Each structure stands twice: as C-alpha cells, then as structure tokens.
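Open the model in a viewer and keep the selection panel at hand. The tour below goes from an enclosed space to an open one and ends at a pair of helices.

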Amino acid sequence: MTGRAMDPLPAVAVGSAAEAEADEEADPPATGSPALPVIEWEDLVPRSMQMPQGNPLLLSFTLQELLARDSVQVELIPEKKGLFLKHVEYEVSSQRFKTSVCRRYNDFVVFHEMLLHRFPYRMVPALPPKRMLGADREFIEGRRRALKRFINLVARHPPFSEDATLKLFLSFSGPDVQNKLREAAQGVGDEFLNCKLATRAKDFLPTDIQTQFAMSRELIRNLYNSFYKLRDRAERIASRAIDNAADLLIFGKELSALGSDMTPLPSWATLHLSTWASLKQAMKGLSVEFAVLADKAAQQGKQEENDVVEKLNLFLDLLQAYKDLCERHEKGVLHKHQRALHKYGLMKRQMMSAAVQNCEPESVEQLESRIVEQENVIQTMELRNYFSLYCLHQETQLVHVYLPLTSHILGAFVNSQIQGHKEMSKVWNDLKPKLSCLFSGPHSALTPPRSPAEDSLCPH
C-alpha cells in the first residue's frame, strides 16, 4: 500500500457488535451533570471529513499528539444497579471534554455499533466479550480494563475523535444514551457519503495497491503473533511477582505465629535457659520485615500489570482491529463489488440472448433499464472499494504511529525491574543485621552465615 510518498512505511491492509448482556437490561440513572445540547445533523460531519490540505493520503501525527488528544478513565461503580437483574455500571471520565458519566456495558455495545455504521472502513476496536452468568470480580475487572483500552483507542483515533458520536457518548448524561446514539445516526450516512474525497480516492492510491495490501497483511500478522507472545510472558512475570508477594507474606506470618506461641515448656527441656524465648522475640520482629518485602513485591507486580501488560494489550487491541478491518474489506465491499460484476455479466448475457431470440421490445427495454441500474451499482461499489483501500492506507500509517509505544513498554519494564529489585535489595540488606539477635546469647555456638561475597574475601 505504499506509493512514492509512502516508501518509508510498509503499507498494511486492515481487516458484529456484541449482543446485550442479560444481566444488564436496566437503564442507567441520570447523573447530576447538565444534559448535552441538542446536536444538529450537520454537526455530525467531523472536520476530518472536510477537504484536507496537502496530500490527503498522508497522516502527520506523532504518538505524543495522539496520546494528548484525550485520556479517558473507566472506573467500576461499586454498587450493582437494578431491582431484579443486577448490572454493572462504570464511571467514564474524559479529560478532553471534562465530563464524567455513568455507562453500562450495553451502552458501549450500541456505541460500538454506531462507530461501525459511521466508519465501516476504519479500525474500530473490538469490545470485550459478554458473559451471561457468573461474572466474578476477576472477569469484571478484566472487562473494565478492556473497555478503558477500547474507549482510549477510539478517543485518540483522528476521524473518531472529531465525530459528534464520541462527544455524545462521553458527555450525554440523560437517562437513555442508547436511543440518543441511534437517533444521532439515523439521518447520517457513513464516511463514504460524507467525505468529499471519496469519489477521487483512486487518484491518491499507488498503482501496486493490491500487492502492497498482501504484504501489509502479512506484516501485521507477524507483529500480532510476536506481541501476543510478549504479552503472555509479561503477564507471567507480573503474576510471579504477585505470587512471590503472597509467599513472603505467609512466610512472615508464620514467623510471627512462632514468635507469638505461648505454649509453656517444661524446665527439664530448657535447662533454665532463655534461648527459645529470645528466638521467639527475634522471629516476631523479623516478621515485620517480611511484610514489607511482600508489599514491595506486590507493588512491582501491579506496576508491571499497569505499565507493561496493559500497554501490550492496548497495542494488541489495535493490531486486532487492523486484522478485523482487513477481513471487513475482503468480505464486505470487495465481495459485494465482485458479486455486482457477476450479476452484471449475467444481465449482459440475458440481453444478448433476448436480442437473438427477437423478444418483445418491452422485455428488451426492461433488461436495458436493469443493466443501466446495475452499471450504477458497479460504479458505486468500485468507488467504495477504492475508498476502502484509501482508508486502509491511512490506518496502516496509524499503526506505525503507535509502533514507538514499544519503546515505552520496554522502558517501563526495565524501570520496574530496576526499581523493584533496588527496593527489595534495600529491605533485605536492612533485615540482615537484625538476624544477629537470632545468634546472640552467652551459650550460643552459632554465628550468622556469611554471604558468598564475604566468603570470597576471607582466607581459608
């Protein structure tokens, strides 16, 4: 998909909204914020669909500019709403619009449908799957994270971010945002009908667009597979840090239990010495240090989940949206174009057969009318096909704009390891001198063990 202007970037061609959940049927309550003003139909045509300056095929955004467009937080509202069928609500807060609204999963579903209706040739990220029964805390938290990634990718996407549908979703505080979204989409066609460049998209595409389409698709497939494996390993590393924290905490609790044991000992066993009492006191004090170690390990695991795993998931969501768009292009507009051509060929053969058989003039006229109508359909489908490729070319560039996110991810991972090990090392070093109390006492023949470094400095 790369022409002369796009040589530095390998082009990538990119490929049903989820159903409503049974446990989320009740309408969300209205919040106290003021209602959004009535939106006129002409306001729904974003500025990005107007005639751009310069080469309209090229995007001129940096990753920092995309991230600065908006930062949307999605937080779980603790109470479940609904009298009989309980459903979960989320507080969705937009930094750009300075709004905070309550949204259900079903609201996201309708919003996703409207995006696909308005922008069928763009990367619309997928929503997390629904779950009919047994939505436990882990599932709800995973879905909250996925919804946050979804809405941030949408809020930072150049065409989406200027569309009134997004503003309505992030700002409208009335009782029925779903109907409001549907009403807003009724009088407006998709991006092809609103973009002034749609009929001239072919003029801006490179001549080898189909070859580049195949190359780009292969590239995205390889990227997705590699980043999927990276995400899987990052999850395991973060999980191990959290498991390590749990083990350290249990270790400390057992030391505390030993130190707090009040079982009396017979005098003949202790020989009137206070060794066990001293050891118990020392172990009880050391349990505090292990609680600190557990807290440091848990912090490292959580930081890696938020700064490494979530960013990898964000990039994977983007790549998956690209693959989905590629499939929509092939199974949608391209397939319809081929079917229209096939139907046109059948009509032409019928016309020739009718002429040979000297059919009624009225029948011939009807066939001619149908052929002209089909030619118009073919022309429209051909324009849509080129416009789809035009959008795919831009979405390819958008994926490459996000690629520097890799350096952010690696930086966060390295910093997390450095900071985590540094803090843990400090606690371990502070703990070591306190071990001396375990080896103290007038009759103790034991000495604290040396570290390998200390052993290497001592003569044998």
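**Stop 1: the largest cavity**

Select Met123, Pro125, Leu153, His157, Leu318, Ala321, Leu398 and Tyr402, the residues that line the largest cavity. The model is a predicted one, and the space enclosed here comes to about 60 Å³. By class, the lining holds seven nonpolar residues, one polar residue and no charged residue.

Next, colour helix H11 (275-356) and helix H12 (361-402), each of which supplies at least two residues of this lining. Then colour by domain: domain 1 (63-196) and domain 2 (238-262 + 274-438) both give residues to the lining, so the cavity lies between them.

**Stop 2: the largest pocket**

Where is the centre of the largest pocket? Select Gly142, Arg149, Glu235, Glu310 and Asn313, which lie nearest the centre among the 29 lining residues. The volume of this pocket is about 870 Å³.

Now show helix H3 (137-156), helix H9 (209-259) and H11. Each of these helices supplies at least two residues of the pocket lining. Which helix gives the largest share of the lining? That is H3, with nine residues.

Keep the domain colours on: domain 1 (63-196) and domain 2 (238-262 + 274-438) each contribute at least three residues to the pocket lining. Colouring by residue class instead splits the lining into 13 nonpolar, four polar and twelve charged residues. For the largest cavity, the corresponding division was seven nonpolar, one polar and no charged.

**Stop 3: helices H2 and H5**

Hide the pocket and select helix H2 (residues 105-118) together with helix H5 (residues 164-171). Two packed helices are described by the angle between their axes and the distance between the axes. For H2 and H5, the axes come within 10 Å and cross at roughly 170°. Are the two helices roughly parallel or roughly antiparallel? An angle over 145 degrees counts as roughly antiparallel, so H2 is roughly antiparallel to H5.

To see the contact, show side chains on both helices. On the H2 side, pick Asp107, Phe108, Phe111, Met114 and Arg118; on the H5 side, pick Thr165, Leu166 and Phe169. These contact residues of H2 and H5 divide into five nonpolar, one polar and two charged.

Terms used
Residues are numbered from 1 along each chain as its sequence is written. This is a predicted model: local features need pLDDT of at least 70, side-chain atom pairs count only at pLDDT 80 or more; totals for chains, interfaces and linings use all residues. Side-chain values use heavy atoms; hydrogens and water are left out. Axes are lines fitted to C-alpha atoms, for helices over the stretch in contact, and angles run from 0 to 180 degrees between N-to-C directions. Helices (H or I, at least four residues) and strands (E, at least two) are DSSP runs, numbered from the N terminus. Angles under 35 degrees count as roughly parallel, over 145 as roughly antiparallel, 65 to 115 as roughly perpendicular and the rest as oblique. Contact means heavy atoms within 4.5 Å. Ala, Val, Leu, Ile, Met, Phe, Trp, Tyr, Cys and Pro count as nonpolar, Asp, Glu, Lys and Arg as charged, and the others, Gly among them, as polar. On a 1 Å grid over the protein atoms alone, a cavity is a set of points where a 1.4 Å probe fits but cannot get out, and a pocket is an open set with protein on both sides within 12 Å along at least five of seven lines; lining residues have an atom within 4 Å of a point. Grid points are joined across faces, edges and corners, and a volume is the space filled by probe spheres set on the points. Domain bounds come from an automatic or database domain assignment.
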